[in-house]
Amino acid sequence: MRKLLLFIILFCLSSSAISAVHSSRNTLSYTFHDYVEHVITTNPIQANQPVYSWRTHTKFNGDSGPLSYDGDYIGDTNSKGQLVISAPHLPMNPIYCGYFTGERVAVGSRNAPKSNVLNFMITAGVLPGPLPPWIHQCGPKGSIDKNNK
């Protein structure tokens, strides 16, 4: 009985050790109106499982941004063990601007092994027409004036 229990424990530990969660994005430097895609894949396939995310959002002025995650639920994997989060374009809203660092995801539970780490940035980029009053919130210091001339 002890041998069977030991085998089951070792099997479970080794199964989770060889499983992997991979996280990727279509770019690591977004501007407003960019196509946004975040793809999470599991190997072996973990179908229909919850996905949790961790990341730190820092505004360009150094303040904490409102879009940080601390083990927040972001969706479920599909029958192929993938979660694809996409948006046709990033809306022009200063809430999104800043640095996003240490983004990792876990599939199945918050305590499951986490994915690779991603860091990305969202800036205003080049905007048409007159600049909105919040434009300096959306780029590293000095970059907005250079990009929008």
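A residue counts as buried when its relative accessible area is under 20%. Keep that cut-off handy for the tour, and remember that what you have open is a predicted model.

**Stop 1: two phenylalanines**

Start by selecting Phe100. Its relative accessible area is 1%, so Phe100 is buried. Now add Phe120, which comes out at 5% relative accessibility and therefore counts as buried too. Turn the view until you see both rings side on: this aromatic pair is stacked, with 4.7 Å from centre to centre and 0° between the planes. Phe100 belongs to strand 7 and Phe120 to strand 8, so the pair ties together parts of the chain that lie 20 residues apart in sequence. Add Tyr30 to the selection as well, since ring pairs join Tyr30, Phe100 and Phe120 into a cluster.

**Stop 2: a ring pair across the chain**

The structure has 5 aromatic pairs, and another one worth a look is Phe32 with Trp134. The ring centres of Phe32 and Trp134 are 5.9 Å apart and the planes meet at 85°, so this pair is edge-to-face. Trace the backbone between the two: Phe32 sits in the loop between strand 2 (29-31) and strand 3, while Trp134 sits in the loop between strand 8 and helix 2 (143-147), 102 residues apart. Are these two buried or exposed? Both Phe32 and Trp134 are buried.

**Stop 3: the nonpolar cores**

Keep Phe32 and Tyr30 selected, and bring in Leu90, Ile122, Ala124 and Cys138. These six have the most contacts inside the largest nonpolar core, which has 15 residues. Then move to another core, apart from that one, with 6 residues, including Val21, Ile40, Val51 and Val107.

**Stop 4: the largest pocket**

Switch on the surface and look for the largest pocket, which holds about 360 Å³ of space. To centre your view, select Arg25, Val36, Arg55, Tyr69 and Ile85; of the 20 lining residues, these are the closest to the pocket's centre. Which elements give two or more residues to the lining? They are strand 3 (36-43), strand 4 (50-58), strand 5 (69-76), strand 6 (82-87), strand 7 (98-107) and strand 8 (118-123). Strand 6 supplies the largest share, with 3 residues. Colour the lining by class and you should get 13 nonpolar, 4 polar and 3 charged residues.

**Stop 5: charges over rings**

Stay with Arg55 and Tyr69 for a moment. Arg55 lies over the face of Tyr69, 4.3 Å from the ring centre. For another arrangement of this kind, select Lys114 and Trp54: the charged end of Lys114 sits over the Trp54 ring, 4.3 Å from its centre.

**Stop 6: a glycine in strand 5**

Next, pick Gly71, which lies in strand 5. With a relative accessible area of 2%, Gly71 is buried, because the cut-off is 20%. Draw a distance from its C-alpha atom to that of Tyr52: the two are separated by 5.2 Å, although they are 19 residues apart along the chain.

**Last stop: the cavity**

How many cavities of 30 Å³ or more are there? The count is 1. The largest cavity has about 30 Å³ of space. To find it, select Lys59, Pro94, Ile95, Cys97 and Gln137, the residues that line it. By class, that lining has 3 nonpolar, 1 polar and 1 charged residues.

Technical notes. Residues numbered from 1 in each chain as written. Predicted model: local features only at pLDDT ≥ 70, side-chain atom pairs only at ≥ 80, totals over all residues. Heavy atoms only, no water. 1 Å grid on protein atoms, 1.4 Å probe; cavity = no way out; pocket = protein on both sides within 12 Å on 5 of 7 lines; lining within 4 Å. Points joined across faces, edges and corners; volume = space filled by probe spheres on them. Helix = DSSP H or I, 4+ residues; strand = E, 2+ residues; numbered from the N terminus. Nonpolar A, V, L, I, M, F, W, Y, C, P; charged D, E, K, R; others polar. Phe/Tyr/Trp six-rings, centres within 6.5 Å; stacked < 30°, edge-to-face > 60°. Buried < 20%, exposed > 50% of the residue type's maximum accessible area, 1.4 Å probe, protein only. Lys NZ or Arg CZ within 6 Å of the ring centre and 35° of its normal. Core = buried A, V, L, I, M, F, W, Y, C linked by side-chain atoms within 4.5 Å.
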